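The following paragraphs guide the reader through a single protein chain, from its overall form to the pairing of individual side chains. The structure should be kept in view while reading.

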Amino acid sequence: MRVKLQYSVELEEVPAEARPLFSRANAEIKDAGDHMDDIFIAVDSGYNYGNILDSIDQARKNLAEADFRLGDAEAILH
């Protein structure tokens, strides 16, 4: 379950608060790329559709998580 948190910081601390969210989003995007590599390997090696579908699902979850983090960072910067 996702929940919203709210707290205040000094204006000059805002970039430091957003930075970990950017790092997390970047890690999720890299993980999604790793799953894409797995998809290409599975397709090239014999069409194991179960593995391909699992990798697609994981890549999409990583991208969704990255989107959440970027949205949070955007909200903080606004």
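In what follows, two residues are said to be in contact when heavy atoms of theirs lie within 4.5 Å. With contact understood in this sense, the cover over the buried residues of α2 includes α1. The model under discussion is a predicted one.

The secondary structure consists of two helices and zero strands. The helices are α1, covering 14–44, and α2, covering 49–77. The C-alpha trace of the protein spans about 55 × 25 × 15 Å along its principal axes. The radius of gyration is 17 Å, whereas a compact globule of 78 residues would have a value near 12 Å. Of the 78 residues, 21% count as buried. Among contacts with a separation of 6 or more, 73% are between residues 24 or more positions apart. The protein exposes about 6200 Å², and 56% of this area is supplied by carbon and sulfur atoms.

Helix α2 may be considered next. Its 29 residues should span 42 Å at 1.5 Å a residue, and the C-alpha atoms at its ends are indeed 42 Å apart, so expectation and model agree. The buried residues of α2 are Ile-52, Ser-55, Ala-59, Asn-62, Glu-65, Ala-66, Arg-69 and Ala-73. Ser-55 may serve as an example from this helix. Ser-55 counts as buried because its relative accessible area is 11%, and the limit for that class is under 20%. Leaving aside residues up to four places away in sequence, Ser-55 touches His-35, Asp-38 and Ile-39.

Which residues make the nonpolar surface patch of about 500 Å²? They are Phe-22, Ile-29, Leu-63, Leu-70, Ile-76 and Leu-77. Both α1 and α2 supply at least two residues of this patch, and the largest share, four residues, comes from α2. One member, Ile-76, has its place in helix α2. With a relative accessibility of 34%, Ile-76 counts as partly exposed.

The charged side chains complete the picture. Side chains of opposite charge can pair when their charged atoms come close. The protein has six salt bridges. In one of them, the side chains of Arg-2 and Glu-65 meet at 3.5 Å, N to O. Because Arg-2 belongs to the segment before α1 and Glu-65 to helix α2, this pair ties together parts that are 63 residues apart in sequence. Arg-2 is partly exposed, at 44% relative accessibility, whereas Glu-65 is buried, with a relative accessible area of 15%.

Another salt bridge joins Arg-24 and Glu-28, also at 3.5 Å, N to O. These two residues are four apart in helix α1, so about one helical turn separates them. Arg-24 is partly exposed, at 39% relative accessibility, while Glu-28 is buried, with a relative accessible area of 11%.

In helix α2, Asp-57 and Lys-61 are likewise four residues apart, and therefore about one helical turn separates them. Their side chains meet in a salt bridge at 3.1 Å, N to O. Asp-57 is partly exposed at 36% relative accessibility, and Lys-61 is partly exposed with a relative accessible area of 48%. Elsewhere, salt bridges that share partners join Arg-2, Arg-24, Glu-28, Glu-65, Arg-69 and Asp-72 into one network.

Technical notes. Residues numbered from 1 in each chain as written. Predicted model: local features only at pLDDT ≥ 70, side-chain atom pairs only at ≥ 80, totals over all residues. Heavy atoms only, no water. Patch = residues over 30% accessible without salt bridge, like charges linked within 9 Å, V, L, I, M, F, W, Y side chains within 5 Å. Areas by Shrake-Rupley, 256 points an atom, 1.4 Å probe, with all protein chains shown as cover. Salt bridge = Lys/Arg side-chain N within 4 Å of Asp/Glu carboxyl O. Buried < 20%, exposed > 50% of the residue type's maximum accessible area, 1.4 Å probe, protein only. Expected span 1.5 Å × (residues − 1). Rg over C-alpha atoms; globule rule 2.2 N^0.38 Å.
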